[in-house]
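Trainee: I am new to this structure. Please take me through one part closely, and then show me what else there is to look at.

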Amino acid sequence: MPLMGQLSSSFAPVLGVALNLVSAVVRSYRCSTYRRKLSYWVFKRYEPNSVGTVTALLLGVPVLVSNIVAQHPIFSRCNYTHTILILIVTHNILLACFTAAYRLSPFHPLAAFPGPACAKLTKFTVAWVTSKGKQYQFYRALHDKYGDVVRIGPNELSIRHVDAVAPILGHDGLPKGPFWDYRADAGSHPPLVAVREPREHSKRRKPWNRAFSRIALQGYEKPLLGNIERLTEALDARTNQIVDMTMWMGYFALDFMGDIVFGQPYRILESGMDAQGVRGILEDGVRSSAITGQIPWAIPILRWLRITAYDRMKQYARSSALRRLEDTERAKDIFHYLNDEQGVQSVQRPLALVASDAGLAMIAGSDTTTATLSAMWYCLLSNDVAYKRLQQEIDVAFPTDELPTNLGTMASMQYLNACINETLRLFPALLGGAQRSVLPGTGGKMIRSFFVPEGTQVLVPAYSLHRDPRCFSPLPDAFWPDRWLPEGDRAYPPSISQNDPFVLNAAALITFSHGPASCVGKSLALMVLRAVVCSLVHTFDVMPSGDIGSWEEHIEDYFTAKCGPLMAVLSRRKEVQGT
Ligand code: HEM
């Protein structure tokens, strides 16, 4: 007998029983049409992701109908437990099929938007891509293939267009999306970045605005220069050896942020090692948060199973906050403002809330600064012409051998700031962009010429937008700081001519986001970037060690960028060549 025939004859009875079973279940379900329809309708209409609702729909509904279904003759040999199990399995298979069919169907509100079927079907696709750290490349490849608007989830769009920046992120834009859900235990306080309700967010941002006022920033100058001095000393002790610039930028960022957030540097620069494993705690927390943010309904389950690194990061922030409270000589650090130690507010902020926000300051400040500084070294070490030109500008501005300390002078240095802008463009620390939401009940939103239905999540993918030739041309993928200079000061590389069309759309630079939830620490970040690069380029000659060409390929995107090692050799400059 041919193989197919044998198979069909042996499987026929099994198949028959299985089909009979499914048809019995379906027929029995007809007795309870309303309940079956209820769960499908709820999923179809709301695609819920709260654990309670999902559990009720997946398990509760089959249990509810079990009494009726159990009467059917096909279940006569099954005990009650088996009947329930069969019902749960069949119910969920049917539900998954209906949901999948609906998400791919022309009846879905986002049916008109192109995208890969795997992303339209489930957010697990982006969660998986995120777990590999390649979200930013995934989005870019999708935009290159499908165009400016791509469906990246059942209910989510990525929009790569400068005209989408203001409607999504701006003052009349959209509130934050469910990426930030479940960041705090019930009754506890999410950090500022996770506050989705716009009025609450604006209220919570007030102490942050005080922490980054002009006066407050002046207070952070001394710790900044102190930590740069320690960084310079640590690198000076390692001149003519191979050092990992990413690692040292990370050590600096942690020490500095520890100093200005909690008034206590971790002294990692002095010891040359992260003995408490602070960097690991923060990196694991951010990575876990980036993945689970794609499937936020899973967070309570992971928390219940005690397997979320995000909570370890929160505990760490809390213990740092408690230590800071015991400090009798309280500096005017960020904690000072977040804890309202000036007594500006009529109501004292709860410690849990202050700890949550202080933890955010540590993470938001250190990860992003590390990634941007590493990227800046990569750009400079790969571009000898730019490095030399920057060194020359620094030498002119700071002609003595002393470490540069005048932060005002640095702010006005044209080429230094052009190099920083160009790094922020090519390597935004939040590569994928931040999610916003068209809330249910709002009737939808027009973004450019597209109508985005309510219940849709949207983002502007920073990395893809920053490399869009319609916004930055020529050489959108290359490090060319001159694009940020006035026309007369630009030097053109041989590959391009002065007659090539030039486009610089600064509105498309969203490294610090845009609008009411944009980076509150932007001024501090720029001050730090200028001071670190200025001091090190002034003091050392930094050379790449080996081939650093593939550094860019190893960047991982866990909401904030995680950069791989960048090996370099530093030598102390004999004397500054100032004029
Ligand atoms: C190069 C360095 C930095 C980059 C590229 C960066 C980028 C960003 C971006 C893109 C956002 C917006 C997220 C969103 O729209 O949902 C953000 C928010 C934030 N950043 Fe930064 N950041 C940097 C440095 C800092 C520093 C030094 C701090 C200081 C503590 C800081 C504190 C914050 C806070 C608290 C938020 C949340 C703001 C809110 O939700 O209102 N950032 N940052």
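Mentor: Start with Cys519, in the loop between β9 (503-504) and α22 (522-539). This is a predicted model. Cys519 comes up in UniProt, where an unreviewed entry lists this residue under "binding site". Is Cys519 buried, partly exposed or exposed? Its relative accessible area is 36%. Buried means under 20% and exposed means over 50%, so a value in between counts as partly exposed. Cys519 is therefore partly exposed.

Stay in this loop. Ser513 also lies between β9 and α22. Its phi is near 65°, a positive value in a residue other than glycine. Ser513 has a relative accessible area of 24%, so this residue too is partly exposed.

Now go back along the chain to the loop between β8 (472-473) and β9, where Pro474 has its place. Look at the bond between Ser473 and Pro474. The peptide there is cis, with omega at about 0°.

Two arginines come next, each set over a ring. The charged end of Arg490 sits 3.8 Å from the centre of the ring of Phe502, over that ring. Arg467 lies over the face of Phe427, and here the distance to the ring centre is 5.5 Å.

Aromatic pairs are the next topic. A pair of rings is described by how far apart the centres are and by the angle of the planes. How many aromatic pairs are there? The count comes to 17. Take Phe212 and Tyr220 as one of them. Their ring centres are 6.5 Å apart and their planes meet at 65°, so the pair is edge-to-face. Phe212 and Tyr220 are both buried.

Phe427 takes part in a pair as well. Its partner is Trp551, at 5.8 Å centre to centre. The planes are at 80°, and the pair is edge-to-face. This pair links distant parts of the chain, with the two positions 124 residues apart. Phe427 is in the loop between α20 (414-426) and β4 (435-438). Trp551 is in the loop between β10 (540-544) and β11 (556-558). Both Phe427 and Trp551 are buried.

There is also a cluster. Ring pairs link Phe179, Trp180 and Phe559. Look at Phe559 in its own right. This residue lies in the loop between β11 and β12. Its phi is near 70°, which is positive, and the residue is not glycine.

Phe559 leads on to the cavities. Rolling a probe the size of a water molecule over the atoms shows where empty space is left. The search of the whole structure finds six cavities of 30 Å³ or more. The second largest has a volume of about 130 Å³. It is lined by 18 residues, and the closest to its centre are Gln135, Phe179, Gln294, Gly433 and Phe559. So two names from the ring cluster, Phe179 and Phe559, return here. The lining of this second largest cavity divides into nine nonpolar, six polar and three charged residues.

Now the largest cavity. Its volume is about 180 Å³. Of its 17 lining residues, the closest to the centre are Glu283, Asp367, Thr370, Ala561 and Lys562. Which elements each supply at least two residues of this lining? They are α11 (245-262), α13 (278-292), α17 (351-381) and β12 (560-562). The largest share comes from α17, with five residues. By type, the lining of the largest cavity has seven nonpolar, six polar and four charged residues.

Turn to Arg389, in helix α18 (residues 384-397). Its relative accessible area is 26%, so Arg389 is partly exposed. Tyr415 stands 26 residues from Arg389 along the chain. The C-alpha atoms of these two residues are separated by 7.9 Å.

End with a second UniProt record. An unreviewed entry places "transmembrane region" at residues 48-70 and 82-102. What is the chain like over residues 82-102? The chain there is 100% helix and 0% strand. The end C-alpha atoms of this stretch are 30 Å apart. As for the record itself, UniProt annotations may be inferred rather than shown by experiment. The same caution goes for the "binding site" entry at Cys519, where this tour began.

Terms used
Residues are numbered from 1 along each chain as its sequence is written. This is a predicted model: local features need pLDDT of at least 70, side-chain atom pairs count only at pLDDT 80 or more; totals for chains, interfaces and linings use all residues. Side-chain values use heavy atoms; hydrogens and water are left out. On a 1 Å grid over the protein atoms alone, a cavity is a set of points where a 1.4 Å probe fits but cannot get out, and a pocket is an open set with protein on both sides within 12 Å along at least five of seven lines; lining residues have an atom within 4 Å of a point. Grid points are joined across faces, edges and corners, and a volume is the space filled by probe spheres set on the points. Helices (H or I, at least four residues) and strands (E, at least two) are DSSP runs, numbered from the N terminus. Ala, Val, Leu, Ile, Met, Phe, Trp, Tyr, Cys and Pro count as nonpolar, Asp, Glu, Lys and Arg as charged, and the others, Gly among them, as polar. Rings of Phe, Tyr and Trp (its six-membered ring) pair if their centres lie within 6.5 Å; planes under 30 degrees apart count as stacked, over 60 as edge-to-face and the rest as tilted. Buried means under 20% relative accessible area, exposed over 50%, partly exposed in between (1.4 Å probe, protein chains only). A charge sits over a ring if NZ of Lys or CZ of Arg is within 6 Å of the ring centre and within 35 degrees of the ring normal.
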